[in-house]
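Me: Could you take a close look at one part of this complex for me, the smaller details of one chain and how it meets its partner? I'd like to know how far to trust it before I set anything up.

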Amino acid sequence: MSTYENLGEQEPQSQSSVLNDVLLVITLLLVGIAILAGGLLAVQTDSASSPFQMLNNLFALNNVHIWWYVSRASGLMGYLLFWLSTLLGFAISSKIFDSFLGRVFTYDFHEHLSLLSLGFIGLHAIVLLFERVEPLSLTEILIPFISVYRPFWTGIGIIAFYLTILVTVTFYIRSWISMKAFRVIHYLSIAAYVGALFHGLYAGTDAILTWVQFMYWGTFLSVIFFCIYWLAVVWLRKSEANQSMERIS
Amino acid sequence: MNMYRKLLRIWIAFTSFISFMIGWAFLAQTSETETVVNPNTGMTGTLVLPPIPSVDGISSQNLETDSVQMFTFNQSTQTQQMFAPSLRTGGS
């Protein structure tokens, strides 16, 4: 891929084992959570006569609100992936993860997570077309601030989605645009993240839940931390560059 | 892109999808209940929405006109009083 060639770095093989361990731990955690959630849901749901009935009970396939559940789940998933991608974006610029994670991996995750989050956010919007109780039209989904449902915060979410598309596209046209343009467009991702956060907080159905509030504000605080760290690194780099220029002159 | 990186990408996509499915099931199971707060005591409780009554038990025989209770319209014998407010101006 051209982006790796641009980075001019080889894959750090020595860090693969560390990454393997991290992935293994996360996988085990996810499997544990999945087993726990599955067990709880199995206890909660009625005894099913067939696997399809079990799936029907589990995912509420016959429920009138099925697309609303899908939209909420994909919206939360899209936000979490976008948050991770934003953190990795700051990490690439500030090199905060360079001591334990390969720079090429960080860049790869950043790009891949952006694409995944776009997919989930797209799903989040598209399924609302099929919602039976309070459906949104295609124009309401595409054009900001005309939605019947919380128009302002829905509009903010639509604008954040467009900004995310714009920023993600620049991964693939990086060789055609200047580095300065790439960076300026990438700064828009911060606005996109903030827009997505407030869209989730003020247009999201689940924002009233305590754990969702904790999730939103916790992720926001982590982004603030990484942003401040990145700004400090940029400031230090500039001051060092200025000092070296003064010495030369 | 080497195989290791491809596997990582597939792993991330797979775990994201599984997380989404877990979230979907979680929301589908928990959204049927709604938490309510008593304004007097400040205590929270869970309001369980009652199921919608089924119409499966109604057979076609029950829908015959003989068994259906017909509504009768009882005309009110009371005279309707007109409350016309008497508007008076006190003058200026």
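**Chain B and its contact with chain A**

Reply: Let's start with confidence, since this is a predicted model. Within chain B, helix 1 (residues 3-30) of chain B comes out highest, at a mean pLDDT of 86, while strand 1 (residues 33-37) of chain B is lowest, at 45. Taken as a whole, chain B averages 62, with 33% of its residues at 70 or more.

Two stretches deserve a flag. Residues 33-39 of chain B stay under 50, and the model gives them 12 contacts beyond four places in sequence. Residues 41-48 of chain B are also below 50, with 12 contacts beyond near neighbours in sequence.

Now for the meeting of the chains. The predictor puts the complex at an ipTM of 0.77 and a pTM of 0.70. The contact draws 26 residues from chain A and 22 from chain B. On the chain A side, the elements giving two or more residues are helix 2 (16-44), helix 3 (51-59), helix 4 (66-94) and helix 5 (103-126) of chain A. Helix 4 of chain A gives the most, 8 residues. Sorted by class, that side of chain A has 17 nonpolar, 6 polar and 3 charged residues.

So, back to your worry about trust: the part of chain B to lean on by pLDDT is helix 1 of chain B, where the mean is highest, whereas residues 33-39 and 41-48 of chain B sit below 50.

How values were computed:
Residues numbered from 1 in each chain as written. Chains lettered and ligands numbered in written order. Predicted model: local features only at pLDDT ≥ 70, side-chain atom pairs only at ≥ 80, totals over all residues. Contact = placed C-beta atoms within 7 Å. Helix = DSSP H or I, 4+ residues; strand = E, 2+ residues; numbered from the N terminus. Nonpolar A, V, L, I, M, F, W, Y, C, P; charged D, E, K, R; others polar. pLDDT = per-residue confidence, 0-100.
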